[in-house]
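New to this one? Here's a quick briefing to read alongside the sequence and the 3D view.

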Amino acid sequence: MSIVGTRVVRIEDQQLITQGGTYVEDLRVEALTGAVHAMFVRSPIAHARIASIDTSAALEAPGVVAVYTAADIDLAPHKAGPVVEPWLADGVVRYVGEPVALVLTEERYQLADAAELVDIDYDPLGVVASIDSALSDETVLFEDQGTNVLQTTGGEFDDKAFDDCEVVVTQTILNQRVAPAPLEVRGAACAWGEDGRLTLWLSTQNAQISRSTVAKGLGVESKDVRVITPDVGGGFGAKIGSDPEAVVLGWASKRSGRPVRWVETRSENLVSMTHGRAQQNTVTIGGRRDGTVLAFRLEVVQDAGAYPRTMFLPTLTELMGTGVYHFPKVETSSRAVVTNTTPIAAYRGAGRPEATAAIERAMDLFATEIGMDPAEVRRVNFIRPEEFPYSSPTGATYDTGEYAKALDKVLEAGGYADLRAEQARRREAGDPVALGLGIAAYVEITGGDSGGESGRLLINPDGSVTAYTGSSPHGQGLDTTLTMLLSDQLGVPMDKITIRHGDTDEVPKAIGTFGSRSLQLGGSALRQAADQVIEQARTLAADRLEASPDDVELSEGAFQVRGAPASGSVTWAQLAEQAELTADVWFGDGTPTFPFGAHLAVVEVDTLTGKVELKRIIACDDAGPIVNPLAFQGQRHGGLGQGAAQALLEVMNYDADGNPTTATLADYSFITATELPDFELVDSETPTTRNLLGVKGIGEAATIGSTPAVHNAVVDALSHLGVRHLDMPTTPLRVWQALTDARKAN
């Protein structure tokens, strides 16, 4: 019986639970002996000219080794999109949390006092704290650009696109800014060796990308930088690669002649680690009263923050803009603007959740306008199974999909008809506790970076296996999944297989972990490497068994003559003693896959107080064949919780002066088990032909489906009271305000 497809407890968890992980802060290695501690002095205001910086008092403080400012940094300029982002603020600060100076001390406890003594005089400038103020260009962040709009895609719209529609609905939707807030904040440690190489320990999802970024920033060759990734306490996309702080730390280590350690505080993390989402989407949807959508238009405005580090986010929203639907006419456009806020980058889906939230809200708006059940409107417009592979009008080519079947499974499991009947009963009775049902059908692009992945396999003399992968686990159970695949393929027990990753000396070439690519690409690479090692071993075994290689088979971890087991067998250990058994491959098929699913959320809203209670989430998430159902279930749980959190609670707020008002965990609301129901998971497996395992990525998929489902459920609960639109998050205060506005309007 194959171990693949069975529930296997994660092998990573034993050490994490009994001994604890080894994170950057835990490192005790010889190279870091005598390390100094670092803290960045960050701007307390959103937009200002730096009139002066006086470091003299700080330099005299106990334990201070050095204080550096932009005047000390002798590195080449660092580009963020079309503008320069200084390593340390140079002349102007553009967001609260921007690093202005770096303090090094002998002991960590000395940092805060020394940093307080760095005297910086600011001359405030006009603040651009919102998308609307950015579009007005009344204050321009980068004068040489002449505008805050730094990227535009899409052409002119067709004025007649909606002429044939009986019904047209338009709505502007805010997909609010959120903080990734990983359990482990950012951290790094670095030291230069006598050989002139920098070793950097970094909390990152991608050692290889980080190596390239840091080497380029320091002006050295990639071979002169080694990046090691210890345990990582959550990434969520915000730890793809490395931030500018890592380059500055490497530079400071060389300048000071000392190893350097840095771990930010939680408040630093909330204001200075890149944020996610922050899109304003205007949807226009039109069609016939029978539910057929004839035209759809999506206009995206991306808040890029103060420095546009990742300009691809709005284009991904456009790419996935039509979701699971076949529309005759589609138009999209996007603009990216800069504001005096923390830079935006990838987070839990990176542009695709924003697309799903927009199209799913549009489908509900259209359904409400024509008086049709939102489930039925979706069925009318789904891409049909016989249309795959399907080329969307926005440029994506979907591999496989059973969108109607996924929705039907969810509605049946949830008892949708009974729920609608209960909703009608409450409305007729005037029950103050409203019942809301939210539907979302989604498709996700995974592995969409067009790259491959590396995989290297070595059979050790004792028959154990060491596998090197370019995919870097950071909590998703990838060690277990890859070990299961290799155990099944090689017939080697799981406890004799070691997965190595996250060290650029051990795995010099890789693309890494992001965009739900690890299993479909990293797993396929190791599958390919294992195939090659098996063929090498088969040839050696054939000589020992005096048989043709074609007649030799691998069975339960040993090679034997097919149909003649009595003639003897040869083990992996015996063959590895005879010759080196190894393979180093690059799985180069970077064709993306498109997992999909449907979610149903059930909420209750107390219309007297505005309180929202999430009662149920029923979810179908189709990622193709499942290697480890236990790990798959865990990933879905995490995504469902994260999506519900955005719909109900999470938002990174700024006031008109660009001050973050949710800069601590006392203000930035996490979701907890108290606010979440038991998840009801529906199974579905639709394989793809685009990789060796037939699998699709799943990391962000549950988030992509649950966010609009929960949000739509809250709006649905209030629709009979006149509430037609409600921005996320649907906190009690916002719900109460929406109810008040609806009552006034009526």
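What follows is a short tour of a few spots, grouped by topic.

Keep in mind that this is a predicted model. The stops are a hairpin strand with its partners, a pair of crossing helices, a buried glutamate and a sheet with a helix packed on it.

**Strand 11 and its partners**

- Start with strand 11, which covers residues 187-192: 5 of its 6 residues are buried, so the rest of the structure largely encloses it.
- Strand 11 pairs with strand 12 (residues 198-202) in the antiparallel sense, over 5 bridges, and Ala188 sits opposite Leu202 of strand 12.
- Those two strands make a hairpin with 5 residues between them. Look in the turn for Gly196, which has a positive phi of about 85°.
- Strand 11 also pairs with strand 14 (residues 260-263), again antiparallel, this time over 4 bridges. Here Cys190 has Val260 in strand 14 as its bridge partner.

**Two helices that cross**

- Next, find helix 5 (residues 207-218) and helix 6 (residues 244-256), whose axes come within 9 Å and cross at roughly 55°.
- With that angle, the two helices are therefore oblique to each other, and their crossing is right-handed.
- Where do they meet? On the helix 5 side the residues are Thr213, Val214, Gly217 and Leu218; on the helix 6 side they are Ala246, Val247, Gly250 and Trp251.

**A buried glutamate**

- Glu268 belongs to helix 7, which spans residues 266-272.
- Is Glu268 buried or exposed? With a relative accessible area of 11%, Glu268 counts as buried, because the cut-off for that is under 20%.
- Its side chain makes a polar contact with the side chain of Arg42, at 2.8 Å.
- Setting aside neighbours within four places in sequence, Glu268 is in contact with Phe40, Arg42 and Met273.

**A sheet with a helix on it**

- Further along the chain there's an open sheet of 3 strands, in the order 24-25-26, with antiparallel pairing.
- Its edges are strand 24 (552-555) and strand 26 (569-571), each pairing on one side only.
- On average, neighbouring strands in this sheet are turned by 30° against each other, direction ignored.
- Strand 25 (residues 558-561) pairs with strand 26 over 3 bridges in the antiparallel sense, with Phe559 opposite Val570 of strand 26.
- Helix 14 (residues 518-545) packs on this sheet and touches strand 24, strand 25 and strand 26. The direction of helix 14 makes about 50° with that of strand 25.

Note on methods: Residues numbered from 1 in each chain as written. Predicted model: local features only at pLDDT ≥ 70, side-chain atom pairs only at ≥ 80, totals over all residues. Heavy atoms only, no water. Pairing = 2+ DSSP bridges. Axes fitted to C-alpha atoms, helices over the stretch in contact; angles between N-to-C directions. Contact = heavy atoms within 4.5 Å. Buried < 20%, exposed > 50% of the residue type's maximum accessible area, 1.4 Å probe, protein only. Polar contact = N/O pair within 3.5 Å; in protein donor to acceptor, adjacent residues only side chain to side chain. Parallel < 35°, antiparallel > 145°, perpendicular 65-115°, else oblique. Left-handed = near helix turned anticlockwise from the far one by under 90°.
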